[in-house]
Amino acid sequence: SRNVLERLYKFLSHKNFPITPDGHFLGYKAVRSDFLDKHSGKFDNSVGKTVSIDRNEVDENMQVNCSYGLHVGTIEYVRGFANHGDKIIIVKVNPADVVAVPYADAQKLRCCKYEVVDLYREPLDSVYNDDYEEDDDDYEEEDECSNCGSLFCDGECEDEEYDDDDDDDYDSFGW
C-alpha cells in the first residue's frame, strides 16, 4: 500500500540502507550461531539462501511494533537483539516484499522474503552498493570462503579467526 511505501522510503533514507543496482536494499539480521532464525529455529539463514514465507503470514499492521513476519533491521537494532554467540548477517530485500514498517520502532521492518548475501563484518558504507549484484549463473558452492562462508570476502578474511567458539570474535560488537 501507499502508506507502507512512504514509511519504507523514510526508513531507508533515514537509516542509509544501501540500495543495490537492481533496486533492492541491504539490511541486517541476527541469527543463531548455526544460522537458524532466533524465534522458531526453522529457517536456514546461511549465506546464499533465500528465506520466504507467505505474505499473508506477515502482520501488516504498522501500529504493532513487535509481531509475526520476517524481520530486518538497522545494525544498531540487530546488535541489541543479538545474544553472545549469535551471528549477524546482511540480507537483500526487494521493496515489494516489505509488508510493514512499524510506527513506534524506526529500527526494523517486517517482510515476507529476503536473500542472505553475506556475514556482517563492518557497517555498509554506501547508499548505493553493487557488491551484492545478483548473478545466479556464476554462483557455485566452491565460491564460498572456507573461513567465513561469505561469497564476497575475496580472501580478505584469511588473516582473521572465524571460530564460532572464540569469544574474541564478538568483542568488537560490545557483547
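These are my notebook entries on what I looked up in this predicted model.

**Entry 1: the overall layout**

I started with the chain as a whole. I found two helices and seven strands. Reading from the N terminus, I wrote down the order α-β-β-β-α-β-β-β-β. The chain has 175 residues, and buried ones make up 42% of them. For the surface, I noted about 9800 Å² exposed, with carbon and sulfur atoms supplying 41% of that area.

I also looked up how far along the sequence the contacts reach. Taking contacts between residues at least 6 apart in sequence, 72% join residues at least 24 apart.

**Entry 2: the nonpolar core**

Next I went inside. The largest nonpolar core holds 38 residues. Those with the most contacts within this core are L8, F25, Y28, V93, V98, L109 and Y114. Which elements supply at least two residues each to this core? I listed both helices by range, helix 1 (2–15) and helix 2 (75–81). To these I added strand 1 (25–31), strand 3 (70–73), strand 4 (87–93), strand 5 (98–100), strand 6 (108–111) and strand 7 (113–119).

I picked V98 for a closer look. Setting aside neighbours within four places in sequence, V98 is in contact with V4, L8, F25, R55, V93, L109, R110 and C111. Some of these partners, including L8, F25, V93 and L109, are also on the list of core residues with the most contacts.

**Entry 3: aromatic pairs**

How many aromatic pairs are there? I counted three, and I looked at two of them in detail.

One is Y28 with Y120. I call this pair edge-to-face because the ring centres are 5.7 Å apart and the planes stand at 80 degrees. The pair links distant parts of the chain: Y28 is in strand 1, while Y120 is in the segment after strand 7, 92 residues apart. Are these two residues buried or exposed? Y28 has 6% relative accessibility, so I marked Y28 as buried. Y120 is buried as well, with a relative accessible area of 7%.

Another pair is Y77 with F81. Here the ring centres lie 6.0 Å apart and the planes meet at 10 degrees, so I noted the pair as stacked. Both residues belong to helix 2, where they are four residues apart, about one turn of the helix. Y77 is partly exposed, at 22% relative accessibility. F81 is also partly exposed, at 32%.

F81 has another partner to note. K38 lies over the face of the F81 ring, 5.3 Å from the ring centre.

**Entry 4: a buried lysine**

K29 caught my eye in strand 1. Its relative accessible area is 12%, so K29 counts as buried. What does the K29 side chain reach with a polar atom? I found the backbone oxygen of H71 at 2.9 Å from a polar atom of that side chain.

Not counting residues up to four places away in sequence, K29 touches N45, H71, V78, K87, I88, I89, V91 and Y114. I also noted T74, which is 45 residues from K29 in sequence and 8.2 Å from K29 in space, C-alpha to C-alpha.

**Entry 5: a buried arginine**

I then moved to R7, found in helix 1. R7 is buried, with a relative accessible area of 18%. The side chain of R7 reaches the backbone oxygen of P102 at 2.7 Å. With residues up to four places away left out, R7 touches M62, V101, P102 and Y103.

**Entry 6: two loop residues**

S67 sits in the loop between strand 2 (50–52) and strand 3. At a relative accessible area of 16%, S67 is buried. Its side chain makes a polar contact with the side chain of D59, at 2.7 Å. Beyond residues up to four places away, S67 touches D59 and R110. R110 had already come up in my notes, among the contacts of V98.

My last stop was F35, in the loop between strand 1 and strand 2. What is the sign of phi at F35? Phi is positive there, about 70 degrees, although F35 is not a glycine. For background, I reminded myself that most residues other than glycine have a negative phi. F35 has 16% relative accessibility, so F35 goes down as buried.

Definitions and conventions
Residues are numbered from 1 along each chain as its sequence is written. Side-chain values use heavy atoms; hydrogens and water are left out. A nonpolar core is a set of buried Ala, Val, Leu, Ile, Met, Phe, Trp, Tyr and Cys residues joined through side-chain atoms within 4.5 Å. Buried means under 20% relative accessible area, exposed over 50%, partly exposed in between (1.4 Å probe, protein chains only). Contact means heavy atoms within 4.5 Å. Rings of Phe, Tyr and Trp (its six-membered ring) pair if their centres lie within 6.5 Å; planes under 30 degrees apart count as stacked, over 60 as edge-to-face and the rest as tilted. A charge sits over a ring if NZ of Lys or CZ of Arg is within 6 Å of the ring centre and within 35 degrees of the ring normal. A polar contact is a pair of N or O atoms within 3.5 Å; within protein, one must be able to donate a hydrogen and the other to accept it, and residues adjacent in sequence count only if both atoms are side-chain atoms. Accessible areas come from the Shrake-Rupley method with a 1.4 Å probe; for residues, only the protein chains shown count as cover.
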